[in-house]
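Okay, thanks everyone. Let me put the structure up, and then we'll walk through how some of the pieces pack.

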Amino acid sequence: MIFFIRLEHIDMDTYLELCRCVLNKNGYILELINDKINKYDYENLCIIAIEQTGYALMYVNDDILDNETYTNLCKLAMEECGNAMKHVNINKINDEDYYDICNIAISEYGFALRYVVPEKINDKYFDICKKAILGFANSLKFIKDQYLSLEEYINLCKIAVAKYGFPLLFVKENIMLEQ
């Protein structure tokens, strides 16, 4: 494996070329990339890794990247794999961009709802939940209902049950008794 080659034995251009070749085949190798490369090259290697697998986001060293670059990498990762939502560092992303990232993730994989941080999107949480349920009714089980009004939660339950029926299993028992 190329990462056992010590950097002092090859020049940086050769090292970067080897990294690009390997990351095109296996994005998880991003974890082993030497952190002594410059920011521009690191960013490009992250893009290659994330295009290969969105899960490579878990190995992105966000300390090296500015917030805008990190946000763009997150969006790219969600397009490839919505479940990579669990690896998003919400402290590097503003609320508006976080909402966009959630939308992309939910469109790709409705169960990504389980990783959404409602406090970060506040009044838009209902919209994200609705989108998740319309695509994946079982997403109902990942709703954090304490961030919704009772009316909003019931509305989401009705959508899920009307569309698929079986999500009735995921409706909170106290809500079923009240209704």
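So, start where H3 meets H4: on the H3 side you've got Thr71, Cys74, Lys75, Met78, Glu79 and Glu80, and across from them in H4 sit Asp97, Asp100, Ile101, Ile104, Ala105 and Glu108. Sort that contact by class and you get five nonpolar residues, one polar and six charged. Keep in mind that this is a predicted model.

How do these two helices lie? The axes of H3 and H4 are 7 Å apart, at an angle of about 15 degrees. Angles under 35 degrees count as roughly parallel, so that's what we call H3 and H4. The crossing of H3 with H4 is left-handed.

Now go to H1 and H2. Their axes come within 7 Å, crossing at roughly 20 degrees, so this pair is roughly parallel too. Here the crossing is right-handed. H1 brings Leu16, Cys19, Arg20, Leu23, Asn24 and Lys25 to the contact, and H2 brings Asp41, Leu45, Ile48, Ala49 and Gln52. That contact splits into six nonpolar, two polar and three charged residues.

Last stop, the core. The largest nonpolar core has 54 residues, and the ones touching the most other members are Val60, Met85, Leu113, Val116 and Ile143. Helices H1, H2, H3, H4, H6 and H7 each supply at least two residues of this core.

Which residues does Met85 contact, if we skip neighbours within four places in sequence? They're Met78, Tyr98, Ile101, Cys102, Ala105, Ala112, Tyr115 and Val116. You've met Met78, Ile101 and Ala105 already, in the contact of H3 with H4.

Conventions:
Residues are numbered from 1 along each chain as its sequence is written. This is a predicted model: local features need pLDDT of at least 70, side-chain atom pairs count only at pLDDT 80 or more; totals for chains, interfaces and linings use all residues. Side-chain values use heavy atoms; hydrogens and water are left out. A nonpolar core is a set of buried Ala, Val, Leu, Ile, Met, Phe, Trp, Tyr and Cys residues joined through side-chain atoms within 4.5 Å. Buried means under 20% relative accessible area, exposed over 50%, partly exposed in between (1.4 Å probe, protein chains only). Helices (H or I, at least four residues) and strands (E, at least two) are DSSP runs, numbered from the N terminus. Contact means heavy atoms within 4.5 Å. Axes are lines fitted to C-alpha atoms, for helices over the stretch in contact, and angles run from 0 to 180 degrees between N-to-C directions. Angles under 35 degrees count as roughly parallel, over 145 as roughly antiparallel, 65 to 115 as roughly perpendicular and the rest as oblique. A crossing is left-handed if the near helix is turned anticlockwise from the far one by less than a right angle, and right-handed if clockwise. Ala, Val, Leu, Ile, Met, Phe, Trp, Tyr, Cys and Pro count as nonpolar, Asp, Glu, Lys and Arg as charged, and the others, Gly among them, as polar.
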